Amino acid sequence: MISMERFRERLARLRTITAPGEGVTRLAFTDSDWEGRAYFISLMKEAGLAVREDAFGNVIGRREGTRPDLAPVLCGSHGDSVPEGGNFDGVCGVLCAIEIAQSMAEDGWRNERPYEAALFMCEESSRFGAATLGSRAMCGMLSPADLLTYHDRDGRALYDVLKARGLDPDHVEDAKYRVRPAAYFEMHIEQGRVLEHEGKKAGVVTGIAAPTRLRFRIHGKQDHSGAAPMRLRHDGLAAAAELILAVERIARSHADPPVVGTAGTLRLKPNAINVVPGEVTLGVDIRSISAAAKADAVRAVLAEAGAVAKRRGVPFEVETVCDETPAPLRREMVDFLCACCAEEGLPYMTLPSGAGHDAMHWADVCPTGMLFLPCRGGVSHNPREWAELEDIAGAARVMERAVRRALRAGFSLEGGRDESHS
């Protein structure tokens, strides 16, 4: 049986595992993240799981099945955080995966398929500028050369950071999950306010949006703010301001399927009140669960950048920092999780995920299901992030119901079939 008290105790313990500062800070592979990892390993062992790690440092706890020849069911999430973040992002999903194993052990329930609970490392992009790296490694999407391209603010390459932790970056390809899972499940806080607004206790995710991130370098002309006439200026910041408003306008014009656009970073030189800005660097993030809608919005933003540059006589350079593919989730899996919510009596709805998650990489590998639970005010990546214990436990019960079904030998969602006869 799912224990709300265990969630309470374990969340309270995780809140104390943090670098100094407000909220929770466990940047990937730092001492606080490594301490959190050790705590999750201890919980996996307490739940009777056989624990192993891969070359990237991902942790997998295995509960053997009566049919070890069958493909396993995988369930997990991440334990790292953003700087001064909250105590629920990611960790609720890891605790849920472990709690399901502990519940099965306490109930004496025997799984036919093997069950594996996963802790993915480096899901947040806060330290190395790239997200979901642990799950990418497990899906065979990282090479040693890749690890040399990611650096933290101190200039340390991810490759060297892994080496310092006693991991094996030279063989990161060996982290690829050894078999195709029968299914992957992940529970996560919504990080938005839709569920709270609609009065629902669970959200079955229909697809996971992916970003295209652009970096614009705008080459304005630095001038004296008093001596430079308005008609002769080539103001880099004013050009950036036009583009920022264009990003907002273009994103709003895409309503079905929706697109979101954010101008999230801005650096200007020399950044003085009495100087017309010259060099400006602008970071833009464009997301959608539709690859076509996202691509259309990106084209429109680039076209607008060209028009602004020509109109103002200010050269633009643009770099595509990343261009990830959205992950629609299979209709059969969405229906399966909806049925589990209904049977558990939990008020639910379907919705897309605007944020990226580890689940997005598994969606191309196997049937992938993701379940959201409400977070207060939609606040996340913030010390005020909060989820009610009752909601965490309720979503965990739905996940346990889904996982136990998937662990039966006859389970399949291939081609829309569910042969579990539950």
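Visitor: Is threonine 132 buried or exposed in this structure?

Guide: In this predicted model, threonine 132 is buried, with a relative accessible area of 4%. The residue is found in the loop between β4 and α4 (133-138).

Visitor: What is the phi of threonine 132?

Guide: The general idea comes first. Most residues other than glycine have a negative phi, and most peptide bonds are trans. Threonine 132 has a phi near 50°, a positive value in a residue other than glycine. Glutamine 191 also has a positive phi, near 65°, and lies in the loop between β5 and α7 (194-198).

Visitor: Which peptide bonds to proline are cis, and where are those prolines found?

Guide: One of them runs from aspartate 256 to proline 257, with omega near 0°. Proline 257 is found in the loop between α8 (236-252) and β9 (260-268). Another cis peptide bond joins lysine 269 and proline 270, where omega is about 10°. Proline 270 has its place in the loop between β9 and β10 (275-276).

Visitor: How should a helix such as α2 be read, and what is its reach?

Guide: One compares the reach of the helix with the span expected at 1.5 Å a residue. Helix α2 covers residues 31-46, which makes 16 residues, and reaches 23 Å from its first C-alpha to its last, close to the expected 22 Å. Its buried residues include Trp34, Tyr39, Phe40, Ile41, Leu43 and Met44. The buried residues of α2 pack against α1 (4-15), β1 (50-53), β2 (59-63), α3 (91-107) and β4 (115-120). After the helix comes glycine 48, whose phi is positive, near 85°.

Visitor: What does the same reading give for α10?

Guide: Helix α10 (residues 331-344) has 14 residues, and from its first C-alpha to its last it reaches 20 Å, close to the 20 Å expected. Buried in α10 are Met333, Val334, Phe336, Leu337, Cys338, Cys340 and Cys341. Their cover includes the strands β5 (183-189), β6 (202-208), β14 (348-353) and β15 (368-373), together with α12. Glycine 345 follows α10, and its phi is positive, near 75°.

Visitor: How many disulfides does a search of the whole structure find?

Guide: A disulfide is a covalent bond between the sulfur atoms of two cysteines. A search of the whole structure finds 0 disulfides.

Visitor: Why is cysteine 96 without such a bond to cysteine 75?

Guide: The cysteine sulfur closest to that of cysteine 96 belongs to cysteine 75, and the two are 5.1 Å apart, so they are too far for a bond. Cysteine 96 counts as buried, at 0% relative accessibility. Cysteine 366 is likewise in no disulfide; the nearest cysteine sulfur is that of cysteine 139, 7.8 Å away. At 0% relative accessibility, cysteine 366 also counts as buried.

Visitor: How is a pocket read, and which residues line the second largest one?

Guide: Rolling a probe the size of a water molecule over the atoms shows where empty space is left. In the second largest pocket, that space is about 160 Å³. Its lining consists of Ile2, Glu344, Arg397, Glu400, Arg401, Arg404, Arg405 and Arg408.

Visitor: Which helix gives the most to this lining, and how do the lining residues divide by class?

Guide: Helix α12 (residues 389-406) gives the most to the lining of the second largest pocket, with 5 residues. By class, the lining has 7 charged residues, 1 nonpolar residue and no polar residues.

Definitions and conventions: Residues numbered from 1 in each chain as written. Predicted model: local features only at pLDDT ≥ 70, side-chain atom pairs only at ≥ 80, totals over all residues. Heavy atoms only, no water. 1 Å grid on protein atoms, 1.4 Å probe; cavity = no way out; pocket = protein on both sides within 12 Å on 5 of 7 lines; lining within 4 Å. Points joined across faces, edges and corners; volume = space filled by probe spheres on them. Helix = DSSP H or I, 4+ residues; strand = E, 2+ residues; numbered from the N terminus. Nonpolar A, V, L, I, M, F, W, Y, C, P; charged D, E, K, R; others polar. Expected span 1.5 Å × (residues − 1). Buried < 20%, exposed > 50% of the residue type's maximum accessible area, 1.4 Å probe, protein only. Contact = heavy atoms within 4.5 Å. Disulfide = S-S within 2.5 Å.
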